[in-house]
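Work through the exercises below with the model open in a viewer. Each task is followed by its solution in steps.

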Amino acid sequence: MKLNKQDILKALQTITVPGEGENMVDSGAITNVVTFADEVIVDITITNPALQARKKTEVEILQTIHKLVYDKAKIKVNIKVDAPQKSAPNVIKGKTIPGIQNIVAVASGKGGVGKSTVTANLAVTLAKMGFKVGVLDADIYGPSMPIMFDVETEKPLSVTVDGKSKMKPVENYGVKILSIGFFTKPDQAVVWRGPMAAKALNQMIFDAAWGELDFLLLDLPPGTGDIHLSIMQSLPITGAVVVSTPQNVALADAKKGVAMFQQDSINVPVLGIIENMAYFTPAELPDNKYYIFGKQGAKHLAEDLQVPLLGELPLVQSIREAGDVGRPAAMQTNTPLEQAFQDITKNVVQQVVDRNDNLPATEAIKITTMAGCSAVNKK
């Protein structure tokens, strides 16, 4: 079948540009359409730099042409991002850390979904792959990284870098770690208001001798609050990973976690969702799967939010035991757990590569001293 350019344009008039009310053709987003037999090339320029917006745009163009013009059309979509540069008064802007290539935030909407466990296992898996890795335990009120890396009794040393005194992160399993847990007693509660917690975080970020790192993983506290804003205001986050269980209660909060990163004033690319405790397989029944907390909830959420599902992790007793004794489960060689964490980590790395290839570098979020960040409904 020979495709007609006017038919293509008419079909594209039924689609709106992400973040805008006008259709792709009338808004001028479609810059060129070329047809040849059953092939069509569509050039489009959008202003939303988010990876999700790019994917949504491409999928909608493909689906619309196949539905309204020709279901077997061979379509190539070339998307260019032309994000407007906005100036803001009274801007507070963070700064990068020399030597750190990628900063990945690991978050969850609620506690108890295994976010810290996932962070620790991602870190050791990245280290096993040959990457230089660091973990910043940003959960000020519930630091758990010292336990998970078996370094509870360790203390960061002071080193001199370029004439300045810096904290040297504690290291184990090839991962550099900093946590407020290194500076408090095991039975001591951290009872701090937001500004004090933010100051402590800034010290662990900027007064630390991280050295050269391929990845710095941030283990964020649950929720979407002050600590999250302080972190994202201080650092340019490469992307965020959201951890959830399949349970509806957890998914509802995970959705809010994704919405926080996608908020216009934050605009941190969401690399994907990891489903933890996806199913339970008894050792004596290795072919059986029991979906204790629900089935494929995170998969459906990822599809609804148009973000990648990075993988599923089973509910396995040894993951908990390994975390409690300070030896992450991903270090159990030649096991299904090692393979599961490897697959998820490879997906995270691939998403970071895609994000760096397709999107401009993330800046630390800019929060005006007057307005700050407000709650928004993310549809």
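**Exercise 1: Lys-115**

Lys-115 counts as buried because its relative accessibility is 6%, under the 20% cut-off. The model is a predicted one.

Task: place Lys-115 in the secondary structure and list its contacts beyond four places in sequence.

Step 1. Lys-115 sits in helix α3.

Step 2. Set aside the neighbours within four places in sequence; Lys-115 then contacts Val-106, Ala-107 and Ser-108, as well as Asp-139.

Step 3. Further along the chain, the contacts of Lys-115 are Asp-219, Leu-220, Pro-221, Pro-222 and Val-243.

**Exercise 2: the annotated binding site**

Task: compare the UniProt "binding site" with the lining of the second largest pocket.

Step 1. An unreviewed UniProt entry lists Gly-109, Lys-110, Gly-111, Gly-112, Val-113, Gly-114, Lys-115 and Ser-116 under "binding site".

Step 2. Of these residues, Lys-110, Gly-111, Gly-112, Val-113, Gly-114, Lys-115 and Ser-116 are included in the lining of the second largest pocket.

Step 3. Gly-109 lies in the loop between β5 (100–107) and α3 (115–128). Its relative accessibility is 17%, so Gly-109 counts as buried.

**Exercise 3: a helix pair**

Task: describe the packing of α7 (residues 248–262) against α8 (residues 297–305).

Step 1. The two helices pack at an angle of about 35 degrees, and their axes are 11 Å apart.

Step 2. The crossing of α7 past α8 is right-handed.

Step 3. On the α7 side, the contact is made by Leu-251, Ala-254, Lys-255, Val-258 and Gln-262. On the α8 side, Gly-297, Ala-298, Leu-301 and Leu-305 take part.

**Exercise 4: Val-307**

Task: is Val-307 buried or exposed, and which residues does Val-307 contact beyond four places in sequence?

Step 1. Val-307 is in the loop between α8 and β14 (309–312).

Step 2. With a relative accessible area of 6%, Val-307 is buried.

Step 3. Leaving out neighbours within four places, Val-307 is in contact with Gln-52, Gln-262, Val-270, Ile-273 and Ala-302.

Step 4. Take Ile-273 from that list. Val-307 and Ile-273 are 34 residues apart in sequence, with a C-alpha to C-alpha distance of 7.3 Å.

**Exercise 5: the whole chain**

Task: summarise the protein in terms of secondary structure, burial, contacts and surface.

Step 1. The protein has 10 helices and 15 strands.

Step 2. Of its 379 residues, 49% are buried.

Step 3. Among contacts with a separation of 6 or more, 75% join residues 24 or more positions apart.

Step 4. The accessible surface is about 18,900 Å², and carbon and sulfur atoms account for 50% of that surface.

Technical notes:
Residues are numbered from 1 along each chain as its sequence is written. This is a predicted model: local features need pLDDT of at least 70, side-chain atom pairs count only at pLDDT 80 or more; totals for chains, interfaces and linings use all residues. Side-chain values use heavy atoms; hydrogens and water are left out. Buried means under 20% relative accessible area, exposed over 50%, partly exposed in between (1.4 Å probe, protein chains only). Contact means heavy atoms within 4.5 Å. Accessible areas come from the Shrake-Rupley method with a 1.4 Å probe; for residues, only the protein chains shown count as cover. UniProt positions are given in the numbering used here, feature names are shortened, and annotations may be inferred rather than shown by experiment. On a 1 Å grid over the protein atoms alone, a cavity is a set of points where a 1.4 Å probe fits but cannot get out, and a pocket is an open set with protein on both sides within 12 Å along at least five of seven lines; lining residues have an atom within 4 Å of a point. Axes are lines fitted to C-alpha atoms, for helices over the stretch in contact, and angles run from 0 to 180 degrees between N-to-C directions. A crossing is left-handed if the near helix is turned anticlockwise from the far one by less than a right angle, and right-handed if clockwise.
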